[in-house]
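Biologist: I'm new to this one, so could you walk me through it step by step? Please put it up on the screen first, and then I'll start asking.

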Amino acid sequence: MEPHEKTSEWDSLLVRYQMVRQKTEELVAPLVIEDYGVQTMADVSPPKWHLSHTTWFFETFVLAPTGVPQFHPHYRYLFNSYYETVGQFWPRNQRGWLSRPTVAEVFVYRHAVDERIEKMLRGLSSEDFRDILPTVVLGLNHEQQHQELLLTDILYNFSVNPLKPLYRETRLGDKSPPPEAQWISFAGGLQPIGYDGRGFCFDNETPRHQEWLDPYQLQDRLVTNEEFLAFMTDGGYENPALWLSAGWQMVQEFGWKAPLYWSFEDGEWCEFSLGGMRPISWNGPVQHVSYFEADAYARWAGARLPRESEWEVAAGSVSVDEGTFLDSRRLTPNAVKGATDGRLRQMFGELWQWTQSSYSPYPGYYPTSGALGEYNGKFMSGQQVLRGGSCVTPADHIRPTYRNFFPPNARWQFSGIRLARDAHD
């Protein structure tokens, strides 16, 4: 590698590293010190833990293999998430117990690791740079995942507080009615699925393979709040015939009657958001619903949820840039505006879209070797795949082959519904 090529590639990686790390700190800027340690359920992590764990990742997988000493002897244990091959870790449901290290100490930790990473990268030979580059890039994508989780967790933490704190002022949506949903047809056939070799991917997007799809249709937009209210008004949460058995158990056990964050106040439905409590925008896409709710709605509507392969093939006709992402600072999904034009809308950004596909390995899949093999592969049981990204996903983090996954009862994510059906329906 020529010197000027080395400088260009090194500088490009350093700039990206600095931008991603700074973005995480920008996201916690609206918080007060008391917010950083709150954990209101086991699936949520305190903001302080997100700041620490993303730093732990770089320290453990990038710095430690090169012989750089640990910043603190206990952080390897406190901020490990689930990497059994790295060692023991503090229980997930007890992350909110950790009043120490302080928030100030966590920021010292972050900045110390950043300095060490940057110094290390600048001193690497071309060969060593090539060896470590994939792990650094993985770490940056890992941190972007936590940027999204950070906001979803802040929203949930704030939602259970009777004061309903405001994270940040956000714009209210346009109230113009959305166009009537249209069905878009796809021929099916033998289709390539998975990572196509361009740019970064997680190992669960590989290998690229062929899948047979029967002809199918997708609705051109996401299901709206008004449409979901019709399901509720028609007794959707009271009709066991619409629900999978495990979903009906959730309805009974937890008393689900509406999407998470909906409440009926002073004669109208309201929704809690990162912009505070506000009247529901009926033309906006329904959000914070579980797979069970999405599936029940689809049955009620005489349709089904898309398979992930159907979604991916259809998404090939849409630009990733069309959606609302974290970069917009909107923090809530946009409604569809204007008349339908026979194309798919809201495929990327806005809300993660539940699919009826269980999260399982592609044919020929092998997890990454070593501890990083625990990143995705160990979770391929009891989860559903979601596609498309959301309004709190970084724009450069998403792609058509991206496979997100959550348990079917998860509601605190920015998740929505797109309907599908077989072409003959």
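Biologist: Is K164 buried, partly exposed or exposed?

Modeller: Keeping in mind that this is a predicted model, K164 has a relative accessibility of 29%, so the residue counts as partly exposed.

Biologist: And where does K164 sit?

Modeller: K164 is placed in the loop between α5 and β1, and its phi is near 45°, which is a positive value in a residue other than glycine.

Biologist: Why point out a positive phi?

Modeller: The sign is worth a remark because most residues other than glycine have a negative phi.

Biologist: Which loop holds E350, and what is its phi near?

Modeller: E350 is found in the loop between α9 and β8, and its phi, near 60°, is again a positive value in a residue other than glycine. With a relative accessible area of 5%, E350 is buried, whereas K164 is partly exposed.

Biologist: What touches L222, if I skip the residues up to four places away in sequence?

Modeller: With those set aside, L222 touches E227, P285, Q346, E350, L351, Q353, I417 and R418, so the E350 we just discussed is among its contacts. L222 itself lies in the loop between β4 (216-219) and α6 (225-233), and at 1% relative accessibility it counts as buried. The C-alpha atoms of L222 and V286 are separated by 7.9 Å, although these two residues are 64 residues apart along the chain.

Biologist: Going back to α9, is that helix mostly covered or mostly open?

Modeller: Helix α9 is mostly covered, since seven of its eight residues are buried, namely E308, S309, E310, W311, E312, A314 and A315.

Biologist: What do those buried residues of α9 pack against?

Modeller: They pack against β1 (183-186), β2, β3 (209-213), β4, β8 and β9.

Biologist: Changing topic to pockets, how much space lies in the largest pocket?

Modeller: The largest pocket holds about 790 Å³ of space, and 31 residues line it, with Y82, R92, L149, F405 and F406 lying nearest its centre.

Biologist: Which element gives the most to that lining?

Modeller: That is α5, which contributes six residues to the lining of the largest pocket, while α2 (47-63), α5 (126-159) and β10 (404-406) each supply at least two. By class, the lining of the largest pocket divides into 12 nonpolar, 13 polar and six charged residues.

Biologist: What about the second largest pocket, how big is its volume?

Modeller: The second largest pocket has a volume of about 490 Å³, and of the 25 residues that line it, D196, R198, R399, P400 and T401 are the closest to its centre. Its lining takes at least two residues from each of α5, β2 (189-193) and α9 (308-315), and it has 11 nonpolar, seven polar and seven charged residues.

Biologist: How many aromatic pairs does a search of the whole structure find?

Modeller: The search finds 41 aromatic pairs. In one of them, the ring centres of W56 and Y83 are 5.6 Å apart and the planes are at 35°, so the pair is tilted. W56 lies in helix α2 and Y83 in the loop between α3 (75-78) and α4 (103-123), so this pair ties together parts that are 27 residues apart in sequence. Both W56 and Y83 are buried.

Biologist: You named Y82 at the largest pocket; how far apart are the ring centres of Y82 and F379?

Modeller: The ring centres of Y82 and F379 are 4.9 Å apart with the planes at 85°, so this pair is edge-to-face. Because Y82 lies in the loop between α3 and α4 and F379 in the loop between β8 (352-358) and β9 (384-387), the pair ties together parts that are 297 residues apart in sequence. Y82 is partly exposed at a relative accessible area of 23%, and F379 is partly exposed at 22%.

Biologist: Which ring does the charged end of R95 sit over?

Modeller: The charged end of R95 sits over the ring of W49, 3.6 Å from its centre, and the charged end of R411 sits over the ring of W256, 4.3 Å from its centre.

Biologist: Last one, is the peptide bond from R100 to P101 cis or trans?

Modeller: The bond from R100 to P101 is cis, with omega near 5°, and P101 lies in the loop between α3 and α4. The bond from T206 to P207 is cis too, with omega near -10°, and P207 lies in the loop between β2 and β3.

Note on methods: Residues numbered from 1 in each chain as written. Predicted model: local features only at pLDDT ≥ 70, side-chain atom pairs only at ≥ 80, totals over all residues. Heavy atoms only, no water. Helix = DSSP H or I, 4+ residues; strand = E, 2+ residues; numbered from the N terminus. Buried < 20%, exposed > 50% of the residue type's maximum accessible area, 1.4 Å probe, protein only. Contact = heavy atoms within 4.5 Å. 1 Å grid on protein atoms, 1.4 Å probe; cavity = no way out; pocket = protein on both sides within 12 Å on 5 of 7 lines; lining within 4 Å. Points joined across faces, edges and corners; volume = space filled by probe spheres on them. Nonpolar A, V, L, I, M, F, W, Y, C, P; charged D, E, K, R; others polar. Phe/Tyr/Trp six-rings, centres within 6.5 Å; stacked < 30°, edge-to-face > 60°. Lys NZ or Arg CZ within 6 Å of the ring centre and 35° of its normal.
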